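Hi,

Here is the structure I promised to pass on. Have a look at it first, and then read my notes below.

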Amino acid sequence: MPEFLRHRSIEEWIGAFLMTVVLILLSMQVIGRYALGWSFAWIEEVSRFFFVWAVYFGFVVAAAKDRHIRVSVQIMMLPPLGQKVMLTLADVIWLIFNGIVIWFGSIYIVDMFQFPLISQTTGINLVWVQLIVPLGFVLMSIRVIQVMIRRWTDAETTVIDTRLDD
């Protein structure tokens, strides 16, 4: 197995799978509509659902790699201990925000189970699409906590420049 595939997380694999499904579905729709003269209404909607899930898994991957968007110039000017403290403070604030989204997202999901909203073309309960919001934020919070632990236990003390790739 090539090296770039070997060290991928489950979130990366799921996100890649979901984006592959989106690509296949939309390709089928384009080929069907313009080359064969047919189309299915459900393809566009299902591809949108898969895309939303893929985006949330992308958020989780960014959190796991500590590559989320942030302004890091002022943090890089601090000494290593100051960098750790500021990044940890920012992550704690982020976790509080995630907790709020998880709480209210869970309430919303429970309501959607009680009062289902059914998709027009697929006939499924949209709770299965909306479930990614609290689930994604739970997974993101787990990864943020892992990054915080790694930040304080590893010898690496510098801020990751989010503009650079691995």
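How many aromatic pairs does a search of the whole structure find? The answer is 7 aromatic pairs. One of them joins Trp-53 to Phe-57, with ring centres 6.3 Å apart and 35° between the planes, which makes the pair tilted. Both residues sit in helix α3, and because they are 4 residues apart, about one helical turn separates them. Phe-57 counts as buried because its relative accessibility is 7%.

Another pair is made by Phe-97 and Phe-137, and this one is edge-to-face: 6.1 Å from centre to centre, with the planes at 65°. Here the partners come from distant parts of the chain, Phe-97 from helix α5 and Phe-137 from helix α7, 40 residues apart. Their surroundings are worth a look too. Phe-97 has 45% relative accessibility, so it counts as partly exposed, while Phe-137 has a relative accessible area of 11% and is therefore buried. Phe-97 and Phe-137 also belong to a cluster linked by ring pairs, together with Tyr-56 and Phe-59.

Before going further, a word on confidence, since this is a predicted model. Mean pLDDT for the protein is 87, and 89% of the residues reach 70 or more. Broken down by element, helix α7 has the highest mean pLDDT, at 94, and helix α1 (residues 3-6) the lowest, at 64. Where pLDDT is low, the predicted coordinates should not be read in detail.

Now for the charges. Side chains of opposite charge can pair when their charged atoms come close. Searching the whole structure gives 6 salt bridges. In one of them the side chains of Glu-11 and Arg-143 meet, at 2.7 Å from N to O. This pair ties together distant parts of the chain, with Glu-11 in helix α2 (residues 10-36), Arg-143 in helix α7 (residues 132-153), and their positions 132 residues apart. Glu-11 and Arg-143 are both buried.

Helix α7 supplies a partner to another bridge as well: Arg-151 meets Asp-91, at 2.9 Å from N to O. Again the link is between distant parts of the chain, since Arg-151 is in α7 and Asp-91 is in helix α5 (residues 80-114), 60 residues apart. Is Arg-151 buried or exposed? Arg-151 counts as buried, because its relative accessibility is 9%. Asp-91 has 3% relative accessibility, so it counts as buried too. Elsewhere, Arg-8, Glu-12 and Lys-65 are joined into one network by salt bridges that share partners.

The bridge between Glu-44 and Arg-48 is a local one to look at, with the closest N and O atoms 2.9 Å apart. Both residues are in helix α3 (residues 41-64), and because they are 4 residues apart, the separation is about one helical turn. An α-helix has 3.6 residues a turn, so residues three or four places apart point the same way. Glu-44 counts as partly exposed because its relative accessibility is 39%, and Arg-48 counts as partly exposed at 40%.

Helices α3 and α7 have come up several times, so here is a little on each. The 24 residues of α3 reach 36 Å from first C-alpha to last, close to the 34 Å expected. Its buried residues include Ile-43, Val-46, Phe-49, Tyr-56, Phe-57 and Val-60, and the buried residues of α3 pack against α2, α5, α6 (127-130) and α7. After the helix comes Asp-66, which has a positive phi, near 55°.

Helix α7 has 22 residues and reaches 31 Å between its first and last C-alpha, close to the expected 32 Å. Among its buried residues are Phe-137, Arg-143 and Arg-151, which you have already met above as pairing partners. The buried residues of α7 pack against α2, α3, α5 and α6.

One last residue to click on is Gln-29, which lies in helix α2. Gln-29 counts as buried because its relative accessibility is 6%. Leaving aside residues up to four places away in sequence, Gln-29 touches Ser-39, Phe-40 and Ile-43.

Cheers

Methods
Residues numbered from 1 in each chain as written. Predicted model: local features only at pLDDT ≥ 70, side-chain atom pairs only at ≥ 80, totals over all residues. Heavy atoms only, no water. Salt bridge = Lys/Arg side-chain N within 4 Å of Asp/Glu carboxyl O. Helix = DSSP H or I, 4+ residues; strand = E, 2+ residues; numbered from the N terminus. Buried < 20%, exposed > 50% of the residue type's maximum accessible area, 1.4 Å probe, protein only. pLDDT = per-residue confidence, 0-100. Phe/Tyr/Trp six-rings, centres within 6.5 Å; stacked < 30°, edge-to-face > 60°. Expected span 1.5 Å × (residues − 1). Contact = heavy atoms within 4.5 Å.
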